[in-house]
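Reader: I have a new structure to go through before I set anything up, and I would like to talk it over with you. Could you show me the chain first?
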Amino acid sequence: MPATPAAPALIRAVICGAVDDGKSTLLGRLLVDTDSVPIDEIEAATRDGVLDPSLLTDGLASEREQGITIDVAYRHLVLPDGRRVIIADSPGHEQYTRNMAVAASLADVAVLVIDAERGIRRQSYRHAAICARMGVRRLIVALNKIDRVDDARARVAALRAEAEPRFAAHDFTTIDWVPTSGVRGDGITTGHAETAWYAGPTIVEALGATDGIEPASPDLPPAPLRLPVQTVTRHEGRRWYGGRIGLGAIAVGDAVRVPRTGTTSTVVELQRMGALDRAAEGESIAVRLADELDVMRGDVLVRSDDPVQPQRVWLADLVWLDDTPLAMGQSYLLRCGPAQTPVRVDFVRSVVDIDSGDEHGGRPLAMNDLGRVELVCDRPLVLDPYEASRHTGGVILVDRRTARTVAAGMIVRSVERESEVSRHAFAVDRAQRERLNGLRGVVVWLTGLPGSGKSTIADELERRLFDLGVRSFTLDGDTVRSTLSEDLGFTPDDRRENVRRVARVAELMLDAGLVVLVSLVSPFRADRELARERFADDDFLEVFVDTPLEVCEQRDPKGLYARARAEGGAQMTGLGQAYEPPLEPQLRLDGTQPLEASVAALLERILARRL
């Protein structure tokens, strides 16, 4: 019985190029000539009996008005051999380079459109460099508007001689140089009499030569497993770890490890709309293990025999997308799938000069710059080189003040530094210290406006714990400001750094088996969320001391509100600076109620952790 043929591969392509180089017209002609456009759309794009292919792709009203592509749109066509191609139509204008980078990040092949009459422009070189850094290894250069050139053969040779050395530096495995005309149809699916001298592939043939996404061969060794954990849930008393497989495959019976803790277990059940025996890369699943391990959002499940360890310092290629330049040493937020951590750029190794193609070091990245940098993460992460996995090797940097994405990054490798340290495995651990205390430690994070009563509650709570023989410590905002954070001011950036430092100290104190009381305004939700993510879910208790602003002003124990009113309140939370209350705190205390009620509610939560 003959074997069933494999399903056709899916090819992901990006079409890019400088604005006004004819990209939309060429793509429209490609869709028409491959019968990939409904007849009613063709009729709508026809004026006085003449088809305008660009009207088939510039779908947004603002794009039609400006004559440029702004957003990324996805088009579909079928090759003669039955394989499907998804084409990401990316913008050409420099202002929308970030959109183009997103489109290139998922592509197997790039079609770079260059106006043969106008010549190669700065944006053409930038798009080629971005494609290379995004992992695209096959490049199709469409030398477009060839019908407008007098000596087309000589012009193609000249453009190729100019660009080939620059493109060769990007290590593309294949580069096809195709003379095309979006208006006349040259080089799209067939040749043309006026370019009969050209013997290379058409655009469709070049796309067809792309490998695309093929099923993994069963004869190949299994790829390393990477399953980033997005959520941890309980169902019918069982703990499930949900996420999307970023690399490799997982099956019932597999032995897996959590690199952050080093603990191992065995997969006993897989679920995705029903039970599964096996799941592969790209599938979203829920996993149940034989043991209930310390696993949190952002952790990664790997094979038990995989020696990979979380690392703090990573070499990465960045495409800088923001109009505000990179600030060396500033704390950004790094995100890779569900994992996130504060990060800073410690060193810029090189920046690509788009005009010359040379690389220069020593300066911060500006908008649309491409550079290689060293990223120092606040906590170790399991990442992979981008060429090995786009899922676990592609990162973004986010401005922590504005929440804007400022850079797209591709991990190159981890960086080993002589100054790197490893924590000693001491004989006495947290569990033993907690047994001595008779109670499992916890971080109680009291947040609220200045004057809400946080420190008063923490003071009375610690006194009660002391009377009960429970070891505890209070990290109060004023105490921290006069010691650990004496170098910080009260700008939003300084406040974020203060929260980060307090969270790290609380982490150490929790390891000492203590009940840690944090009394800190900590005005921004994102910063409190980052603090919370350092701890297991049941080790962190966010408590909102909810006291109206007018009550806090009436109390004003330190005279802060009165002084802020007199001086304009520029750096006063609640007046000049916003306070973002928790949306779902684990405990909400009414700051206008008697102190004893608030302390009793907290004490009940803490004493429930007795061993």
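Author: What follows goes from the whole chain to a helix pair, then to rings and charges, and last to some loop residues. Please keep in mind that this is a predicted model.

Reader: Okay, overall picture first: how many helices and strands does the chain have?
Author: The secondary structure comes to 16 helices and 30 strands. The chain has 611 residues, of which 50% count as buried. If one takes the contacts between residues at least 6 apart in sequence, 73% of them join residues at least 24 apart.

Reader: Let's take helix 4 and helix 5; at what angle do they pack, and how far apart are the axes?
Author: Helix 4, residues 97–104, packs against helix 5, residues 122–133, at an angle of about 35°, and the axes are 9 Å apart. The crossing of these two helices is right-handed.

Reader: And which residues make that contact?
Author: Helix 4 contributes Thr97, Met100, Ala101 and Ala104, while helix 5 contributes Gln123, Arg126, His127, Ile130 and Cys131. By character, the residues of this contact divide into five nonpolar, three polar and one charged.

Reader: Switching to aromatics, how many pairs turn up in the whole structure?
Author: A search of the whole structure finds seven aromatic pairs. One of them joins tryptophan 320 and tyrosine 332 in an edge-to-face arrangement, with 5.9 Å from centre to centre and 80° between the planes.

Reader: What does that pair tie together?
Author: Tryptophan 320 belongs to strand 19 (residues 311–320) and tyrosine 332 to strand 20 (residues 332–336), so the pair ties together parts that are 12 residues apart in sequence. Both tryptophan 320 and tyrosine 332 are buried.

Reader: Why does the pair of phenylalanine 535 and phenylalanine 540 count as stacked, then?
Author: Their ring planes stand at 25° to each other, with the centres 5.6 Å apart, and the pair is therefore stacked. Phenylalanine 535 and phenylalanine 540 are both buried.

Reader: Which residues do ring pairs link into a cluster?
Author: The cluster is made of Tyr125, Phe167 and Trp177. Tyrosine 125 also has a charge over its ring, since the charged end of arginine 166 sits there, 3.8 Å from the ring centre.

Reader: And what sits over the ring of phenylalanine 524?
Author: That is the charged end of arginine 496, which lies 4.6 Å from the centre of the ring.

Reader: On to backbone oddities: what is the phi of lysine 145, and where does the residue lie?
Author: Lysine 145 has a positive phi of about 60°, although it is not a glycine. For context, most residues other than glycine have a negative phi. Lysine 145 is placed in the loop between strand 7 (138–144) and helix 6 (152–168), and with a relative accessibility of 14% it counts as buried.

Reader: How about methionine 273, buried or exposed?
Author: Methionine 273 is exposed, because its relative accessible area is 87%. This residue likewise has a positive phi, near 55°, and is found in the loop between strand 14 (263–271) and strand 15 (275–276).

Reader: Last one: where is threonine 195, and what is it in contact with?
Author: Threonine 195 is in the loop between strand 8 (174–179) and helix 7 (203–208). Apart from neighbours within four places in sequence, threonine 195 is in contact with Ile146 and Asp186. Its relative accessible area is 7%, so threonine 195 is buried.

Definitions and conventions. Residues numbered from 1 in each chain as written. Predicted model: local features only at pLDDT ≥ 70, side-chain atom pairs only at ≥ 80, totals over all residues. Heavy atoms only, no water. Axes fitted to C-alpha atoms, helices over the stretch in contact; angles between N-to-C directions. Helix = DSSP H or I, 4+ residues; strand = E, 2+ residues; numbered from the N terminus. Left-handed = near helix turned anticlockwise from the far one by under 90°. Contact = heavy atoms within 4.5 Å. Nonpolar A, V, L, I, M, F, W, Y, C, P; charged D, E, K, R; others polar. Phe/Tyr/Trp six-rings, centres within 6.5 Å; stacked < 30°, edge-to-face > 60°. Buried < 20%, exposed > 50% of the residue type's maximum accessible area, 1.4 Å probe, protein only. Lys NZ or Arg CZ within 6 Å of the ring centre and 35° of its normal.
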